[in-house]
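This text goes through one protein model, starting with the chain as a whole and ending with a single helix.

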Amino acid sequence: MNEIILLKLGELVLKGLNRRTFEEKLMSNARRRLHSYGSFQVTTKQSITYVEPQSDDCDMDGAFEAMKRVFGAVGVCRCRACAKDKEVMLTTIREFLAPQLAAAGTFKVECKRSDKAFPLNSIQLAQYLGGELDDLYPHLTADMHHPDLTVYVEVRDDAAFVHGNTEPGAGGLPVGMGGRAVSLLSGGIDSPVASWMMAKRGLCLEMVHFFSYPYTSEEAKQKVLDLAKILTPWTGRLVVHVVPFTAIQEELRRSCPEELFTILMRRFMMRISAEVARRTGAGCLVTGESLGQVASQTMEAMQCTGAVTSLPVFRPVVGMDKEEIIRISRRIDTFETSILPYEDCCTVFTPKHPKLRPTVAECEAAEEKLDVDAMVKDAADHIERIHISVE
């Protein structure tokens, strides 16, 4: 039988009557990510999702890497199916796990018997296979606590499945189960991490980027698109809504107090993002704000920016320090792109002495001379939409 990939489900197994809906979304997401690697059948039984190649020319290495980025699975492994016979299982272990058995110094065998008709229980099967392997591989020592290699054998209804150590999956919930959100994506470190974290909780994302040409360059815009492309193996297909923001920033600089400039700019960002949410059917906004990191991210400043929209605003990195955020950015491969030296619209127009504790009343007073609704509509009407998909 062909080698297959197993996805071990995480918190999905705790769901009640709607559990099947979560499983179907996971399978749908997996099929979409597998499209470029060949023809695969994806099914879910007994809390395991099976990814089975339908032809010999399927790219199993590429498929395996893709499945490690599908939210909803906590573990991913390549395995081989075999007949439910203990001697066949032993032969399959020796063939399929030969490199791992040769490299390991210690091992143990773990068995799970979902098919209760199989004559040996889990402990008996593990004792048989462990004893045989101990005799066949003199260099291996049994270690029940911290083995180099754990040999897993799962006896299920259709077949027995043999695999070695399981690699970590993406965890979380399948993208799409939490609804749709608009995520504000800058070229920095924080916002890609915040986007990834909310995709992990099942949100389907629409990305919004504010572009201030000619104050920010085409390279800065491309950097953001590159970040979105890095996120797509995790999030699935993305649309980046590139908002022309120059006119709004210039008007704010002409008409408003300099110390409020950053907070007023962010209020417009939230208004425009909320308008994008209305047009795309999204139900919340996502930002990369971290409490106290910069002047516009004090508690008072966040109150001022959140006051312009009735939508929930999710700030998943709000309680993290920079090192914690950087660790995640390195894990998801956005860090090196985020630190490229291209300025975004927030840094270009930074005032010398931004107000740390603005009030909503101050912001509203500063905006009285502006035609806020017209400015928001004009920016939203001239958005450039760029579609990004997994290659």
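Accessible areas here come from the Shrake-Rupley method with a 1.4 Å probe. By that method the protein chain of this predicted model exposes about 17800 Å², and carbon and sulfur atoms supply 50% of that area. Buried means under 20% relative accessible area; of the 391 residues of the protein chain, 52% fall in that class.

The C-alpha atoms fit a box of roughly 85 × 40 × 35 Å along the principal axes. Within the protein chain there are 15 helices and 15 strands. Taking contacts with a separation of 6 or more, 78% are between residues 24 or more positions apart. As for charge, the protein chain has 46 positive and 53 negative charges, and their mean positions lie 4 Å apart.

Helix 3 shows how burial is arranged on one element. This helix spans residues 86–96, and its buried residues are Met89, Leu90, Thr92, Ile93 and Phe96. Viewed down the helix axis, these buried residues fall within an arc of 165°, so they line one face of helix 3. The general background is that an α-helix has 3.6 residues a turn, so residues three or four places apart point the same way. Glu87 and Glu95 are exposed on the other side of helix 3.

What do the buried residues of helix 3 pack against? Their partners include strand 1 (3–9), strand 4 (73–82), strand 7 (149–155) and strand 8 (160–163), together with helix 4 (98–103) and helix 5 (122–136). At the start of helix 3, a side-chain oxygen of Asp85 comes to within 3.0 Å of the backbone nitrogen of Glu87.

Key
Residues numbered from 1 in each chain as written. Predicted model: local features only at pLDDT ≥ 70, side-chain atom pairs only at ≥ 80, totals over all residues. Heavy atoms only, no water. Helix = DSSP H or I, 4+ residues; strand = E, 2+ residues; numbered from the N terminus. Buried < 20%, exposed > 50% of the residue type's maximum accessible area, 1.4 Å probe, protein only. Contact = heavy atoms within 4.5 Å. Lys, Arg positive; Asp, Glu negative; His and termini not counted. Charge placed at Lys NZ, Arg CZ, Asp CG, Glu CD. Arc of directions from axis to C-beta. Polar contact = N/O pair within 3.5 Å; in protein donor to acceptor, adjacent residues only side chain to side chain.
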